[in-house]
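Reader: I'm new to this structure and would like a close look at just one part of it. Could you pick a spot and walk me through its surroundings?

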Amino acid sequence: LIRLLEARPEIPIILCTGHGRGLTRELARELGFAELLDKPIGFAELAKSVRSVLDAAASTGREIAPGT
């Protein structure tokens, strides 16, 4: 995660886990993740989270250039 964020800090990372006992959204964000989702996850919830993370990145000027 650290190497990815150093190389491409504009890419938001969504952590999807079924083993996140004790891991909160707040802690995940402190660790550098844009979002934390618990498995199993439905398509609608995943799509909503992806849209939210991309919108947040755009509003903070961290848009991801297409094809990069």
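Author: Sure, and a bit of background comes before the close-up. Buried residues, meaning those under 20% relative accessible area (exposed is over 50%, partly exposed in between, with a 1.4 Å probe and protein chains only), make up 19% of the 68 residues in the chain. Keep in mind that this is a predicted model, where local features need pLDDT of at least 70 and side-chain atom pairs count only at pLDDT 80 or more, while totals for chains, interfaces and linings use all residues. Residues are numbered from 1 along each chain as its sequence is written, and side-chain values use heavy atoms, with hydrogens and water left out.

The chain has three helices and two strands, in the order α-β-α-β-α along the sequence. Those helices (H or I, at least four residues) and strands (E, at least two) are DSSP runs, numbered from the N terminus.

The spot I'd pick is Glu 35, which sits in strand 2, residues 35–38. Glu 35 counts as buried because its relative accessible area is 10%. What does Glu 35 touch, leaving out residues up to four places away in sequence? The list is Ile 13, Ile 14, Leu 15, Arg 25, Arg 29, Ser 49 and Val 53, where a contact means heavy atoms within 4.5 Å.

Two names on that list deserve a second look. Glu 35 forms a salt bridge with Arg 25, the closest N and O atoms being 2.7 Å apart. That pair links distant parts of the chain, with Glu 35 in strand 2 and Arg 25 in helix 2, 10 residues apart. A salt bridge here is a side-chain nitrogen of Lys or Arg within 4 Å of a carboxyl oxygen of Asp or Glu. Glu 35 also has a salt bridge with Arg 29, and there the closest N and O atoms are 3.4 Å apart. Through shared partners, salt bridges join Arg 25, Arg 29 and Glu 35 into one network.

How covered are the two arginines? Arg 25 is partly exposed because its relative accessible area is 38%, and Arg 29 is partly exposed too, at 44%. Glu 35, by contrast, is buried.

A search of the whole structure finds four salt bridges. Another one of them pairs the side chains of Glu 10 and Arg 8, at 2.5 Å from N to O. Arg 8 counts as partly exposed because its relative accessibility is 22%.
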